[in-house]
Amino acid sequence: MRLKQWGAALTGAAALLLTACTVVDLDENGKPIMPADPNAKASFDNQTPQQIAQQTWQPRILDAAKSHALDASALSTQLKTPSDKAQSVFVRLSGKVERVEASNANEQKLVMTVNGQPLAIQTGPVMRGNAIRDAAGFRFDEFTNQVQYAQLSRALNREAVKHLPKVDDSWSGKNATVLFATTLTGGKANEAAALELKQETP
C-alpha cells in the first residue's frame, strides 16, 4: 500500500514539475531564446558605440530634439541666467549664417548670432564634445564602463555628420535652420553640434 502511495505521489510531483516548465524557443544555434526581463535596467553591454548610435539616433536623438528643442528666445533666457552646473540641451535656430569657419577643413562651423553674441555650430566632418550624448540623457550606469560611455560621444558625433549637407562659403549670408545640441556653461553655449541643417530659400 505504501509503495502505491509513494508511486502516486511521485507521479503527481512529476506532473507538477512538467506543468511548471516553460517551453523556450531555440535560436539557429540551438541556444534558448530568453525573453527580456521587464524589470531589467536598460543596458548596452553587448553593443559597440557605433551600433548604439545608429540604433538610438532616430528615437532618442532626433525625436527628442524635435520635441524638446529650445528656440532662440528660450536659449537667450538660459544664457542670461547661467547655472553653475553645465547643462546640455537641444536648440532649434532659424536665422542668417554670419559666416562659415573653414580654416580647418576637418572642423567646419556655421556662425549664427544668439543674444547678440556669435554662436559657432560644428558641422563636421569632425565634431568634438559630449553635447549630443548628454542632451539625449544617456547615463553612465547604462554602460559597461567609462570607456564605452566616452566612445559613445564620438560615435554620436560621427552619426550626426552623416545626416548633414555639405557646408561651404556659399552658406555665408544665407538664412538657415539648424537643430543642434549644445552645452551651456557659465552663460555660454559650448560644443554646439548640428543634428539637422537646412538652407532656407529667400
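Author: Welcome! Helices (H or I, at least four residues) and strands (E, at least two) are DSSP runs, numbered from the N terminus. The model above is predicted.

Reader: Thanks! What pattern does the protein chain follow when read along the sequence?

Author: The protein chain has five helices and six strands to place in order. Writing α for a helix and β for a strand, the pattern along the sequence is α-α-α-β-β-β-β-α-α-β-β.

Reader: How confident is the predictor, and what share of the residues reach a pLDDT of 70 or more?

Author: The mean pLDDT of the protein chain is 83. Some stretches fall lower: over residues 15-22 the pLDDT is below 50, and that stretch has zero contacts beyond near neighbours in sequence. Over residues 33-42 the pLDDT is also below 50, with seven contacts beyond near neighbours. Where pLDDT is low, the predicted coordinates should not be read in detail, but the share of residues that reach 70 or more is 78%.

Reader: What percentage of the contacts with a separation of 6 or more comes from residues 24 or more positions apart?

Author: The protein chain has 202 residues, and 34% of them count as buried. Among the contacts with a separation of 6 or more, the share from residues 24 or more positions apart is 61%.

Reader: Is Trp 57 buried or exposed?

Author: Trp 57 lies in helix α2, residues 49-68. Leaving out residues up to four places away in sequence, Trp 57 touches Leu 62, Ile 132, Leu 156, Glu 159, Ala 160, His 163 and Leu 195. Its relative accessibility is 3%, and buried means under 20%, so Trp 57 counts as buried.

Reader: How many ångströms separate the C-alpha atoms of Trp 57 and Ala 136?

Author: Along the chain, Trp 57 and Ala 136 are 79 residues apart. In the model, their C-alpha atoms are separated by 9.8 Å.

Reader: Which residues do ring pairs link into a cluster?

Author: The structure holds three aromatic pairs. In one of them, the rings of Phe 138 and Phe 143 have centres 6.2 Å apart and planes at 55°, so this pair is tilted. In another, the rings of Phe 143 and Tyr 149 have centres 5.4 Å apart and planes at 45°, so that pair is tilted too. The ring pairs link into a cluster Phe 138, Phe 140, Phe 143 and Tyr 149.

Reader: What is the relative accessibility of Tyr 149?

Author: Both Phe 138 and Phe 143 are buried, with a relative accessible area of 6% for Phe 143. Tyr 149 counts as buried as well, and its relative accessibility is 12%.

Reader: Which residue has its charged end over the ring of Tyr 149?

Author: Over the face of Phe 138 lies Arg 60, at 3.9 Å from the ring centre. For Tyr 149, the charged end sits 3.9 Å from the centre of the ring and belongs to Arg 133.

Reader: Which element supplies the largest share of the lining of the largest pocket?

Author: About 230 Å³ of space lies in the largest pocket, and its lining includes Leu 75, Val 114, Pro 118 and Lys 188. At least two lining residues come from each of α3 (72-80), β4 (117-125) and β6 (188-199). The largest share is four residues, and they come from β4.

Reader: Where is Thr 123 found, and what is its relative accessible area?

Author: Thr 123 lies in strand β4. Not counting residues up to four places away in sequence, Thr 123 touches Gln 108, Lys 109, Leu 110, Val 161, Leu 164, Val 167, Ala 194 and Leu 197. Thr 123 is buried, with a relative accessible area of 7%.

Reader: Which residue follows Gly 124 across a cis peptide bond?

Author: Most residues other than glycine have a negative phi, and most peptide bonds are trans. The bond from Gly 124 is cis, with omega near 5°. Strand β4 holds the residue at the other end of this bond, Pro 125.

Reader: What phi does Glu 191 have?

Author: Glu 191 is found in strand β6. Glu 191 is partly exposed, with a relative accessible area of 38%. Although Glu 191 is not a glycine, its phi is positive, at about 55°.

Notes: Residues are numbered from 1 along each chain as its sequence is written. This is a predicted model: local features need pLDDT of at least 70, side-chain atom pairs count only at pLDDT 80 or more; totals for chains, interfaces and linings use all residues. Side-chain values use heavy atoms; hydrogens and water are left out. Rings of Phe, Tyr and Trp (its six-membered ring) pair if their centres lie within 6.5 Å; planes under 30 degrees apart count as stacked, over 60 as edge-to-face and the rest as tilted. Buried means under 20% relative accessible area, exposed over 50%, partly exposed in between (1.4 Å probe, protein chains only). A charge sits over a ring if NZ of Lys or CZ of Arg is within 6 Å of the ring centre and within 35 degrees of the ring normal. pLDDT is the predictor's confidence in each residue, from 0 to 100. Contact means heavy atoms within 4.5 Å. On a 1 Å grid over the protein atoms alone, a cavity is a set of points where a 1.4 Å probe fits but cannot get out, and a pocket is an open set with protein on both sides within 12 Å along at least five of seven lines; lining residues have an atom within 4 Å of a point. Grid points are joined across faces, edges and corners, and a volume is the space filled by probe spheres set on the points.
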